[in-house]
Amino acid sequence: MDTMPDTRCTKCGRRLRKYSPDGMGEKCRRKVRKAGRSEELAQYKPHLVEKAVELLEQGGVIPLRDTRKNLVYLAVSSDGTQAYRTARAACTCPGGLRAKYMCAHRIAVHILALAS
């Protein structure tokens, strides 16, 4: 008898056989980890890339909707009290609205895009 509810990978949509704290299956998690070490991420500040990877490992980025141009995500704040709408082009967090550098939420979405 199957006691685990029917849960699906947040990245590819496949059925998960085991509990996953980040909501991804093993193959998708492997792809995201590999993308987190990509040379393309060298353009960002290293401490922000580390925060983005940590955010992905904790399951803090959840797909919200798919528009024609962008995939929109909900990204959890660093203290866990708020969630921000995030896409690769923009983020509604305070740092994403006024900073000249990309925030960790947008970098995390970029890593997910690289893993596709």
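**Close-up 1. Gly-59 just after helix H2.** In this predicted model, Gly-59 follows directly after H2 and takes a positive phi of about 75°.

**Close-up 2. The span of helix H2.** How far apart are the end C-alpha atoms of H2? They lie 17 Å apart, and this agrees with the 16 Å that its 12 residues should span at 1.5 Å a residue.

**Close-up 3. The two faces of helix H2.** Look here for Leu-48, Val-49, Ala-52, Leu-55 and Leu-56, the buried residues of H2. They sit on the same side of the helix, because the arc they cover around its axis is only 120°. An α-helix makes a turn every 3.6 residues, so positions three or four places apart point the same way. On the face of H2 turned away from the buried side, you will find the exposed residues Pro-46 and Glu-50.

**Close-up 4. What covers helix H2.** The buried residues of H2 are covered by elements including H1, strand E1 (61-66), strand E2 (71-76) and H4.

**Close-up 5. The two faces of helix H1.** Helix H1 runs over residues 26-35, and its buried residues are Cys-28, Arg-29, Val-32 and Ala-35. Viewed down the axis of H1, these fall within an arc of 125°, so they line one face of the helix. Which exposed residues does the face turned away from the buried side of H1 carry? Here they are Lys-27, Arg-30 and Lys-34.

**Close-up 6. Packing partners of helix H1.** Two helices pack against the buried residues of H1: H2 (46-57) and H4 (104-115). H1 and H4 also appear among the elements covering the buried residues of H2.

Notes. Residues are numbered from 1 along each chain as its sequence is written. This is a predicted model: local features need pLDDT of at least 70, side-chain atom pairs count only at pLDDT 80 or more; totals for chains, interfaces and linings use all residues. Side-chain values use heavy atoms; hydrogens and water are left out. Buried means under 20% relative accessible area, exposed over 50%, partly exposed in between (1.4 Å probe, protein chains only). Helices (H or I, at least four residues) and strands (E, at least two) are DSSP runs, numbered from the N terminus. The arc is that of the directions from the helix axis to the C-beta atoms. Contact means heavy atoms within 4.5 Å. The expected span of a helix is 1.5 Å times one less than its number of residues.
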